[in-house]
Structures are given as structure tokens and as C-alpha cells.
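Q: Could you take me through this model, beginning with one helix and its surroundings and then turning to the aromatic rings?

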Amino acid sequence: TVVCLGELLIDFVPQTNGQPLAQVDTFRKAAGGAPANVAAAVAKLGGKSRFIAKVGRDAFGDYLQEALYEAGVEPVLVRTDEARTGLAFVSLREDGERDFMFYRDPAADMLLRKEEIKDDLLSDGAIFHFGSVSLIAEPCRTATLHAARRARAFGALISYDPNVRLPLWTNADFARRVIVDQLPLADLVKVSEDEIAFLFHGADIEEGARLMLELGPRCIVATLGAAGCRVFTKKGGIAVPGVPVEPVDTTGAGDSFVGGLLCRLAEAGIGAEQLEEAMAEESFVRDVCSFANATGALTTTKRGAIPALPTRAETLAKLGR
Ligand code: ADP
């Protein structure tokens, strides 16, 4: 099982690209939040996944429970009366890139508590994935780190996606410190080129990956949009080209990529101890990362994140396998 934890909200996505948020007249709602998208991606590809988060005791919370269940994820949603379910309003630019506006004051997903995450939710996980904004605020931050440490103690491979979205983090120095502090806890870290530059003050990908590997992770995967990805271990780097598509909405591409990657690693039985060696082997990296590139690429061809995730058959067909 791939266990994911953290941010969970509803994305309100417009029907057309290129409209400023203020002029959008219709939105379609869809479950979102980076780690929830990852859990859904794994399930859609035929893997087993569980997602742990907190939602409000409201209709949006019911909707998310149902949406995750329908996506094939085992939802473990703690309900609260203290806050309402998080919401995000998305606006799509012409090229499919997106802008967000959030309802979070605070949103329920940020109120997850350590005591609410029981060991039996973590003990059967081959992989534990976390990241994103759940590290910004308490009590969710302590809860997330507690879960990651417990999962590691149970032998899980720990996957971390910092998912920097600056307007949300508000304070860049704080964001850098929080993210860099988590690196020793992770075996596998997914970052984008921009995140590397942000985290290491303008460092390029090689330099940033080297700095991160020194802090403890065994493997860094840098995503490069249409150009695919690059994988780094202490043994060197391997580039895997992207899969060409016509994007309409890039929402969820990175999460879908992570889902594809984790799904393949879980299937191959790669744990923390095997990760470094496996991700330094060219043929293995090509297999795993072209699969992840294809899941990421296909997700950009439809609107939304979870509704746009591809199946395994669609992914393999895209790769001509
Ligand atoms: P994020 O969504 O985290 O910013 P990227 O935009 O780099 O991450 O996308 C993640 C992955 O999705 C890429 O590594 C690539 O495999 C795939 N992808 C994203 N955009 C495209 C695109 N325009 N064409 C083909 N593949 C894409």
C-alpha cells in the first residue's frame, strides 16, 4: 500500500482557459490537494493506496470522502467541527498553467492532529508519501512529521514532495527552512527545476540535487515539464525525456508523475534500502520514469487533477507498450 497524508480540498476548475478568475462564470468541482492526487493516481494505475486527512463535517467533506472512494483510494478522513473543508478556486491560463485562490482560514486539512493518526494506518505501507502545505502550520505539521517517522520505523520508503507554492507559504525564508529541515526524513524527493532554484538560492539542477543528497535522501527526482525528468543519486544522474502531448490544463501533472513513480517502485518491491541502487541503474530508471512521465503528460490533456488521471492501460498505450 502507498500511504499518503496531508492536504485535501476541493478545486473549483473553470470550463475554459484564458479567463481571469474574476470573469469565470462556471466552475466544475473536483477533489484536489497534492498528496490526495498522488493517492488517486496510484489507485487509477491499479495500485493500492490510502489517504489520511481531515475535512469539515460539511457537504464538501462528504463530497471528498465519496470522490476518493470512487477514485479507488481507501479514504481515512477525520471529521472536525473546528473548521470547514478547504477550497481552491483555479484559473487556467491559455497554455494550461494555473493560478489559485484559496479558502483557508484555516481549512480543516490543516488541523489534523498526531493522535488522530493510528499506527495501524501506517504499519502496512510499503511507501509513505507526504509534503505540500501540511508542513506550514500546526497542528498538521507535527502530525505529518510524526506519521512520516512512524512509517519509517515500520520500514516504509519515505517519499517527499515539497510542492512549494509561494503565495501560500507567504514567508520565503520560513518555507526554505521548513522544507530543507524535512529532507533528512525522506528517501525520495520530487522537486521541480523552479523549486531547486528557490530552495538553494538560484542553484541549477545538478548543484541543487547534490546539496539535497548530502542532507540524507537517497534519490532526487527533478521534473522538467514537457522535457520529462532527471534522476539523481550519489552515483550520478540519468535524464528521461518527456512524452509529447497537447496540454489543456497542467493541474496535477506533478502529482500524477509522483503517483506513477511510486506505483512502479511499489510493484518492483523497491524499499528504502534498494532505492539508491535501483535508481542508479539506467534500464530501471528508464522503465519507471517513462511510465511516470506518461502519467504526468496524460494528466495535462484533460481538465482538473483527479478527473484527468490516466489508467494503466492508457499509460501503457501512450508508451506503445
Ligand atoms: P509540477 O506539476 O510539479 O510543476 P511538471 O510541470 O514538471 O511538475 O510536470 C510533472 C511531469 O508531468 C513532468 O516531469 C512530465 O513528465 C509531465 N508533464 C508536465 N507537463 C507536460 C507537458 N506539457 N508535456 C508532456 N509532459 C508533461
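A: We can, keeping in mind that this is a predicted model. The helix to begin with is H8, which is mostly covered, since twelve of its 15 residues are buried.

Q: Which residues in H8 are buried?

A: The buried residues of H8 include Phe257, Val258, Leu261, Leu262 and Leu265, and among them are also Asp255 and Arg264.

Q: How does the reach of helix H8 compare with the expected one, and what follows the helix?

A: Helix H8 covers residues 253-267 and reaches 21 Å from its first C-alpha to its last, close to the 21 Å expected at 1.5 Å a residue. After H8 comes Gly269, with a positive phi near 70°.

Q: Why does Leu261 count as buried?

A: Burial is read from relative accessible area, and buried means under 20%. Leu261, a residue of helix H8, counts as buried because its relative accessibility is 1%.

Q: Which residues is Leu261 in contact with, leaving aside its neighbours within four places in sequence?

A: With those neighbours set aside, Leu261 is in contact with Leu188, Val221, Met279, Val288, Cys289 and Ala292. A separation in sequence can also be set beside one in space: Leu261 and Val38 are 223 residues apart in sequence, while their C-alpha atoms are 9.8 Å apart.

Q: How many aromatic pairs are there, and how is a pair such as Phe12 and Phe27 read?

A: A pair is read from the distance between ring centres and the angle between planes, where over 60 degrees counts as edge-to-face and under 30 as stacked. The count comes to seven aromatic pairs. Phe12 and Phe27 form an edge-to-face pair, at 6.4 Å centre to centre with 85° between the planes. This pair links distant parts of the chain, with Phe12 in strand S2 and Phe27 in strand S3, 15 residues apart. Phe12 counts as buried at 13% relative accessibility, whereas Phe27 is partly exposed at 31%.

Q: Why is the pair of Phe130 and Tyr160 stacked?

A: The ring centres of Phe130 and Tyr160 are 4.7 Å apart and their planes lie at 15°, so the pair is stacked. Phe130 belongs to strand S8 and Tyr160 to strand S9, 30 residues apart, and the pair links distant parts of the chain. Both Phe130 and Tyr160 are buried.

Q: Which residues form one aromatic cluster, and where does the charged end of Lys29 sit?

A: Phe12, Phe27, Phe60 and Phe89 form one aromatic cluster. The charged end of Lys29 sits over the ring of Tyr63, 4.6 Å from its centre, and Arg176 lies over the face of Phe198, at 4.6 Å from the ring centre.

Definitions and conventions
Residues numbered from 1 in each chain as written. Predicted model: local features only at pLDDT ≥ 70, side-chain atom pairs only at ≥ 80, totals over all residues. Heavy atoms only, no water. Helix = DSSP H or I, 4+ residues; strand = E, 2+ residues; numbered from the N terminus. Expected span 1.5 Å × (residues − 1). Buried < 20%, exposed > 50% of the residue type's maximum accessible area, 1.4 Å probe, protein only. Contact = heavy atoms within 4.5 Å. Phe/Tyr/Trp six-rings, centres within 6.5 Å; stacked < 30°, edge-to-face > 60°. Lys NZ or Arg CZ within 6 Å of the ring centre and 35° of its normal.
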